[in-house]
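Me: I am new to this structure. Please pick one part of it and describe that part closely.

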Amino acid sequence: MLTETLHTQLAQIVSDEAITNETPTVDGKRPTLGVAPKSVTELAAVVGELNRAEAATILVGGGTMLDLGAPPTAAEVALCTGNLRAIAGYQPADLIVTAEAGVTVASLQETLREHGQMLPLEVPLPDRATIGGAVAANACGPLRYMFGTAKDLVMGMQFVQGDGTLVKSGGEVVKNVAGFGLHKLHVGALGTLGVIATATFKVYPLPKADQTLVFTFADSEAAFTAAAAIRAHQPAAVVVGNAVAQQCLFGAVRGAHVLLVRFMGAQGAVKRQVRDASDAGAEAGANETEVVGEPESASLWQQCVDVGADSSPENILFQANAVPSQLRHVYTELARSAEPLSVGVGVVADPLSGSLQCGILAAAEANQVSVDQTSPVAALLSFLHHARAVSQEHGGSLVLQRGTVALKTAFDVWGPSPQGLEIMKNLKQTFDPHHILNPGRFVSGI
């Protein structure tokens, strides 16, 4: 009855083709109705109608990050922002661009590239990933060390509160000192406070040169020591990867551990940085050194971000972090404790930002690395609990980004409740009083 009534009400707001019964399944729950508004005005009206019906709503962008979050407590409607595909404003001279939520990251980058600019926002599968989804997840990759995360790049936003109210926050200037911006609350909130309609970003000139150094090391300690030494040469990004990660990146294992160092900027400066960093890597004991130029350099780093993202649903992905100086210990311990699992465990660590991406990968991803897909859930749970404990011991935390419903039920996706939980609950009540938006998916069941 709810579906029939909603269909009738929504048909008065959007066109017939914007309503469908074909919806994605999210952690075992499949909404019975889907709606995809084609304008910001329609989006606000749709959310208002869903609020009146108190319909549990799953937010969908490009569908690349639907695995992120705890299983929803309910899922009646899928609200897709994929039809909001306009570049709402772009002033190249001001280094500012505004895009609707359904614009894919790749298409926005193409528009910026025509003007010699870029948005340093790294997301898995950018051809499908949308701006709204990337911002809601506070997506970022290794370039966060140089440019920050989505929260640092977003200057303003239009969002629709749970009651259907359209709100604008922030400005369209690079320097905005008007005080605390409500839009910052929505970055990383996974759509639980509102539906992002548009986002305004500061952008950057395309670098004249983009080169990557690839080092191989026999042990992880030497790789992290080299990364620490190379930091003085101002790299744009640095990662350390184990054998399974190398299989995904290169189709072969180059060494026990690989260190990738990216330099971006003026031609002369990058040439000097590459030379000096090569010397630092050799002093730290690198077995091999390779220089990767354009466009292969950018492609290689996108592969780093993509590891495990578009593959078997059996893959388990999590992100851990630690105090940057302590990340080497987390990396080493995860590699050691994963051995009894007899599965392909790919680890990509960002020693400059203190972040680590880990994938327990299916055979197609791990390729020639031995994989036992029947590994008991109990063993995986034990590994995940140990990984979280190790991260916390070194000043960090762990978030399970992808896993089966059974695993998510047995393992807390977000981990212990954070400080300020009551404030977060109050914000949820204020922005989404009927708790219709992605119910139960965020921290502590918010």
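Reply: What follows is a close look at one sheet and the helix lying across it. This is a predicted model, with local features needing pLDDT of at least 70 and side-chain atom pairs pLDDT 80 or more, while totals for chains, interfaces and linings use all residues. Residues are numbered from 1 along each chain as its sequence is written, and side-chain values use heavy atoms, without hydrogens or water.

The sheet is open and has five strands, in the order S5-S6-S10-S8-S9. Its pairing is antiparallel (strands are DSSP runs of E with at least two residues, helices H or I with at least four, numbered from the N terminus; two strands pair if DSSP finds at least two bridges between them). At the edges stand S5, residues 87-91, and S9, residues 166-170. Each of these two has a single partner strand, so one side of S5 and one side of S9 lack a neighbour in the sheet. On average, neighbouring strands are turned by 10 degrees against each other, direction ignored.

Within this order, S8 (residues 154-160) sits beside S10 (residues 195-202), and the two pair in the antiparallel sense over six bridges. One position can be followed by eye: Phe159 stands opposite Ile196 in S10.

A helix completes the picture. H2, residues 40-53, lies across S6 (96-100), S8, S9 and S10 (contact means heavy atoms within 4.5 Å). Relative to S10, H2 runs at about 140 degrees (axes are fitted to C-alpha atoms, and angles run from 0 to 180 degrees between N-to-C directions).
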